[in-house]
Amino acid sequence: MKCSILSKFYGRDTRAVLVGSVAINSILLSAVLLDYFKVLDFSLPRMLEAEPFSFVTLAIASIVVGALAPITKGYRKQMFKSFAFLSSTVVQVIFANGYVTDYPPLSLMLLVSSALAIWYFGAAVYVLRCEGLDGDYTTID
């Protein structure tokens, strides 16, 4: 993808996407854990209700790395951001996959999770290709 196209979607940087990623992953993690421990009953995919541990582990890693990204500098910041986006993509794919396997009926959450997965993957590509690992934005074409 061209950086000029990606910059139209993400602007100068991906800070807003990173904050959204941490917030959405925190909400999904809370929902899965509260449902698993029977505190609240959420309408989650059966796959996540039965065995949520891979989802929980990946969501926690994504939240922690995403929260650490703004306080780091240079190469580490870019790597933390790209890892947070890629792991958020996988979290959304796991969530969407749970809704696909519960078909029928198709859920609106399948579309939301799929759109978020594409959005986060695009942000990871933007960080790695356009911002660069040193974060100097030199490769915008």
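**Disulfide, salt bridges and surroundings of selected residues**

Cys 130 is buried in this structure, with a relative accessible area of 0%. The model is a predicted one, and the values reported here are accordingly computed from its atoms. Cys 130 is joined by a disulfide to Cys 3, with a distance of 2.2 Å from S to S, and this is the one disulfide that the structure holds. The link connects distant parts of the chain, since Cys 3 belongs to helix α1 (residues 3-10) whereas Cys 130 belongs to helix α6 (residues 108-131), the two cysteines being 127 residues apart. A disulfide is, in general, a covalent bond between the sulfur atoms of two cysteines. Cys 3 is likewise buried, its relative accessible area being 0%. The torsion about the S-S bond of Cys 3 and Cys 130 is about -105°, and the disulfide is therefore left-handed.

Two salt bridges are present in the structure. One of them is formed by Glu 131 and Lys 81, whose closest N and O atoms are 3.0 Å apart. This pair, too, links distant parts of the chain, with Glu 131 in helix α6 and Lys 81 in helix α5 (residues 74-101), at a separation of 50 residues. Glu 131 is buried, with a relative accessible area of 1%, and Lys 81, at 7% relative accessibility, also counts as buried, because the limit for this class is set at under 20%. In the other salt bridge, the side chains of Asp 13 and Arg 15 meet at 3.5 Å, N to O. Here Asp 13 counts as partly exposed, at 23% relative accessibility, whereas Arg 15, at 55%, counts as exposed.

Helix α5 also contains Ser 88, which counts as buried at 0% relative accessibility. When its neighbours within four places in sequence are left aside, Ser 88 is in contact with Ser 21, Asn 25, Ser 62 and Tyr 120. Ile 63, which is placed in helix α4 (residues 53-68), was examined alongside Ser 88. The two residues are 25 residues apart in sequence, and their C-alpha atoms are 8.6 Å apart in space. Ile 63 is buried, with a relative accessible area of 15%, a value that falls in this class because buried means under 20%. Not counting residues up to four places away in sequence, Ile 63 touches Val 22, Asn 25, Ser 26 and Leu 29. Asn 25 thus appears among the contacts of Ser 88 as well as among those of Ile 63.

On the surface, a nonpolar patch is formed by Tyr 36, Phe 37, Val 39, Leu 40, Phe 42 and Phe 53, which together have about 580 Å² of accessible area. Val 39, one of the residues of this patch, lies in the loop between α2 (15-36) and α3 (46-50). At 55% relative accessibility, Val 39 counts as exposed, because this class takes in values over 50%. The exposed Val 39 may be set beside the buried Ile 63 of helix α4, each being a nonpolar residue.

How values were computed
Residues numbered from 1 in each chain as written. Predicted model: local features only at pLDDT ≥ 70, side-chain atom pairs only at ≥ 80, totals over all residues. Heavy atoms only, no water. Patch = residues over 30% accessible without salt bridge, like charges linked within 9 Å, V, L, I, M, F, W, Y side chains within 5 Å. Areas by Shrake-Rupley, 256 points an atom, 1.4 Å probe, with all protein chains shown as cover. Salt bridge = Lys/Arg side-chain N within 4 Å of Asp/Glu carboxyl O. Helix = DSSP H or I, 4+ residues; strand = E, 2+ residues; numbered from the N terminus. Buried < 20%, exposed > 50% of the residue type's maximum accessible area, 1.4 Å probe, protein only. Disulfide = S-S within 2.5 Å. Contact = heavy atoms within 4.5 Å.
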